[in-house]
Each structure stands twice: as structure tokens, then as C-alpha cells.
Amino acid sequence: MKTYISLFVILFAFAGCAQTVEEEIVETEFEHDELVATVMAVGDSEVSGSVTFTEDENGVAIQGSFSGLEPGNHGFHIHKFGDCRADDGTSAGGHFNPAENQHGAPSDDVRHMGDLGNIEAGEDGEATVDYVDGTVSLQQILGRGIIIHAGEDDLTSQPTGAAGSRVACGVIGIAQK
Ligand SMILES: [Cu+2]
């Protein structure tokens, strides 16, 4: 009799678990309207900064500021993986490109979703970004990487814009508001 009761309790517990899982799936529908990435220096660089991605009526507003850069233009992209473990930033993979398009400029219709163009650092090594992107999807970029490159993205060379090595890496996460 004791064994029989125990079995009944276990079955009941399983039924309870199944119900909990179902509820969690309902709750994980995408409901975030602001994401953020803090970038960390890669290799010998001293780059730091952060960027936010905020839902906007015309797309996604991308606003950030960075310091510790060499003066000039630096390729600025969303890369496939939110993984900054490698010393040279290569663990972030290539550009995030779910449509398998050619590389392009942020203003192009045909581009990688991750093609955010360049950020321009002044003599003080500081750079900002502030524009609305019509291609980026918050749901698709959550958990992916942000990479700042040593060189300029020429916006045409395939598949990377010939922007050179990586000087900063960050992971796109959910912003606390
Ligand atoms: Cu890149």
C-alpha cells in the first residue's frame, strides 16, 4: 500500500511540472523595448563605452558613446555571437546576417542586419552613435555581440568591409529601465 501511495504522489508531481513549463513558455514572449551593450576592450586597446537599442516608430534607435579610440572611423557592427571570450574578439563570429545578404551600409536596402556602419572618433578618442535603423530587430539581436574595429568599414568590401582587427566587444542584453 505504501508503494502505491508513493507512485501516486510522483505522478501528481509530474503533472504539476508540466503545467509550470507551459506557463513559463507563455511568459517568455518577447516584451522588451530597450536593449543595451557595454563594450570591453579587446587585446591591447583601451576602448570602453555602451550603446542602447530602443524601439522607435521608425525602427530601432541606436545611441551610444565610446572612448579610448584612435582618431578616425571605426567599423561598428552587430556580430553573430554574444561571446567576447577570445583575446582578439573573434569568438563573436562574423557579422549578424540572418537574411544572408551582401555586406553594405546601414542606409542600404541590401545589407547585413549587423551592418551599423562606422563610428567616428575625434582627436580625444571619443565617438558617438545616434540614428534610427530600419533593419535591426530587437528580438533578433538580443544576446548577440557588438564589435568595434580598428579600421574603417568601407561599406563595400565583402563580407566585412575590410575594417580590420577588433578593438572592443560587448554583449547585447536586456536594459534595466
Ligand atoms: Cu564587425
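# A walk through the strands and loops

Residues 24 or more positions apart account for 62% of the contacts in the protein chain with a separation of 6 or more. Keep in mind on this tour that you are looking at a predicted model.

**The whole chain**

Start with a cartoon view and colour by secondary structure. The protein chain holds two helices and nine strands. Reading from the N terminus, the order of elements is α-β-β-β-β-β-β-α-β-β-β. Of the 177 residues, 33% count as buried.

**Stop one: β7**

Select residues 145–149, which make up strand β7. Five of the five residues here are buried, so the strand is mostly covered, since a residue counts as buried when 20 or more other C-beta atoms lie within 10 Å of its own. Now show the side chains. In a regular strand, side chains alternate between the two faces of the sheet. In β7, G145, I147 and H149 belong to one side, and I146 and I148 belong to the other. Is each face covered or open? Both faces are covered, with the residues on either side all buried.

Next, add the strands that pair with β7. Select residues 72–79 for β4, which pairs with β7 in the antiparallel sense over four bridges. To find one of the pairings, click on H79: its bridge partner in β7 is G145. Then select residues 166–171 for β8, where the pairing with β7 is again antiparallel and runs over five bridges. Here, look for I147 of β7, which stands opposite C169 in β8.

**Stop two: β1 and its partners**

Move to residues 34–41, strand β1, and add residues 48–56, strand β2. These two pair in the antiparallel sense over six bridges. Click on T38 and you can find its bridge partner, S50, in β2. Follow the chain from β1 to β2 and you trace a hairpin with six residues between the strands. Pause in that turn at G43, which has a positive phi of about 60°.

Which other strands does β1 pair with? One is β8, in the antiparallel sense over three bridges. V39 marks the spot, standing opposite G170 in β8. Another is β9, residues 173–174, paired with β1 in the antiparallel sense over two bridges. For this pairing, select L35 and I174, which stand opposite each other.

**Stop three: the nonpolar core**

Keep V39 selected and add I148. Within the largest nonpolar core, a set of 31 residues, these two have the most contacts. The core draws at least two residues from each of β1, β2, β3 (59–67), β4, β5, β6 (127–133), β7 and β8.

To see what surrounds V39, show its contacts beyond four places in sequence. They are V47, S48, G49, S50, F66, I146, I148, A168, C169 and G170. Among them are I146 and I148, which you met on one side of β7.

**Stop four: the loop between β7 and β8**

Return to β7 and follow the chain toward β8. In the loop between them you will find P159. Zoom in on the bond joining Q158 and P159: this is a cis peptide bond, with omega about 0°.

A162 is in the loop between β7 and β8 as well. Its phi is near 55°, a positive value in a residue other than glycine. Why does A162 count as partly exposed? Because it has 16 C-beta neighbours inside 10 Å.

**Stop five: the loop between β4 and β5**

For the last stop, select E100, in the loop between β4 and β5 (115–121). E100 has a positive phi of about 55° although it is not a glycine. With 6 C-beta neighbours inside 10 Å, E100 counts as exposed.

Now select N101, which also lies in the loop between β4 and β5. N101 is partly exposed because 17 other C-beta atoms lie within 10 Å. Which residues does N101 touch, leaving aside those within four places in sequence? The contacts are V110, R111 and H112. To finish, draw a distance between the C-alpha atoms of N101 and R111: the two are 5.6 Å apart in space and ten residues apart in sequence.

Note on methods
Residues are numbered from 1 along each chain as its sequence is written. This is a predicted model: local features need pLDDT of at least 70, side-chain atom pairs count only at pLDDT 80 or more; totals for chains, interfaces and linings use all residues. A residue is buried if 20 or more other C-beta atoms lie within 10 Å of its own, exposed if 12 or fewer, and partly exposed in between; C-beta atoms are placed from the backbone. Two strands pair if DSSP finds at least two bridges between them. A nonpolar core is a set of buried Ala, Val, Leu, Ile, Met, Phe, Trp, Tyr and Cys residues joined through C-beta atoms within 7 Å. Two residues are in contact if their C-beta atoms, placed from the backbone, lie within 7 Å.
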